[in-house]
Amino acid sequence: MRERAPSQDSGRDEAVLFPTDASRDRYPFCIVWTPIPLLTWMVPWIGHLGVCTSDGKVHDFAGPYYIGVDDMAFGRPIKYWRVPPPRGAHDWDLQSAEEWDNAIQGADEKFRHKMHNLLCTNCHSHVASALNTLRFRGCARWNAVAVGVALVLHGRYVRYGASLSA
């Protein structure tokens, strides 16, 4: 069973069951972003996404028929969005954690059989697939653009000055 630990995710002293730990690249229940060299420098809103399991390991659709686990393509995450728990819940619990992990596992399995395409079937689509399985925020129509916009609106940089590395 997991122990409660103080949140490194917020300035509050609130205890959470699944804390983030940027020093170890652990972002439970998060969508993470990292820049793609050259491409992000020319078009700053384009980057590489991954989705993290309840233990914080990043899963990313990193290329044709390949899902990276705990080794994000293009480097360490510099931005993350901690996805809120299911409606009505104060925080994530072990049951919702299992559902979250199963959704990621399902997206991984689905995308292991897909050709990667920069514009259509990409890392954003992989994350959207997991969110659709969960019916996150009551919606099963998440897509690459919606995931990207949500990360821009809700995301936080992992450390001060991280945006400069993009």
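User: Hi! Before I look around, what is pLDDT?

Analyst: Hello! pLDDT is the predictor's confidence in each residue, on a scale from 0 to 100. It matters here, as this is a predicted model.

User: Okay, so where does pLDDT stay under 50?

Analyst: Over residues 1–15. For that stretch the model has 27 contacts beyond four places in sequence. Where pLDDT is low, the predicted coordinates should not be read in detail.

User: Got it. And what is the mean for the chain?

Analyst: The mean pLDDT of the chain is 86, with 84% of its residues at 70 or more.

User: Nice. On to the sheet: how many strands does it have, and in what order?

Analyst: There are six strands in an open sheet, ordered β6-β5-β4-β3-β7-β8, and the pairing is antiparallel. At the edges are β6 (66–69) and β8 (156–157), each of which pairs on one side only.

User: What holds paired strands together in general?

Analyst: Strands of a sheet pair through backbone hydrogen bonds.

User: Can you show me one pair? How many bridges join β3 and β7?

Analyst: Four bridges, in the antiparallel sense, between β3 (residues 30–35) and β7 (residues 79–82). One residue to look for is W33, whose bridge partner in β7 is K79.

User: Which helices pack on that sheet?

Analyst: Helix α3 (residues 123–134) packs on it and touches β3, β4 (47–52), β5 (58–63) and β6. The direction of α3 makes about 30° with that of β4. Helix α4 (residues 144–154) also packs on the sheet, touching β3, β4, β7 and β8. The direction of α4 makes about 95° with that of β7.

User: Changing topic: how much space is in the largest pocket?

Analyst: About 600 Å³. Its lining has 26 residues, and W33, W45, I46, G47 and H124 are the ones nearest the centre.

User: Which helix or strand gives the largest share of that lining?

Analyst: α4 does, with six residues. At least two residues come from each of β4, β5, α3 and α4.

User: And what is the lining like by class?

Analyst: It has 19 nonpolar residues, six polar ones and one charged.

User: Last thing: which residues other than glycine have a positive phi?

Analyst: Two to look at are Y65, with a phi of about 60°, and D70, with a phi near 65°. Y65 sits in the loop between β5 and β6, while D70 is in the loop between β6 and β7.

User: Why point those out?

Analyst: Because most residues other than glycine have a negative phi.

Methods: Residues are numbered from 1 along each chain as its sequence is written. This is a predicted model: local features need pLDDT of at least 70, side-chain atom pairs count only at pLDDT 80 or more; totals for chains, interfaces and linings use all residues. Side-chain values use heavy atoms; hydrogens and water are left out. Two strands pair if DSSP finds at least two bridges between them. Contact means heavy atoms within 4.5 Å. Axes are lines fitted to C-alpha atoms, for helices over the stretch in contact, and angles run from 0 to 180 degrees between N-to-C directions. On a 1 Å grid over the protein atoms alone, a cavity is a set of points where a 1.4 Å probe fits but cannot get out, and a pocket is an open set with protein on both sides within 12 Å along at least five of seven lines; lining residues have an atom within 4 Å of a point. Grid points are joined across faces, edges and corners, and a volume is the space filled by probe spheres set on the points. Ala, Val, Leu, Ile, Met, Phe, Trp, Tyr, Cys and Pro count as nonpolar, Asp, Glu, Lys and Arg as charged, and the others, Gly among them, as polar.
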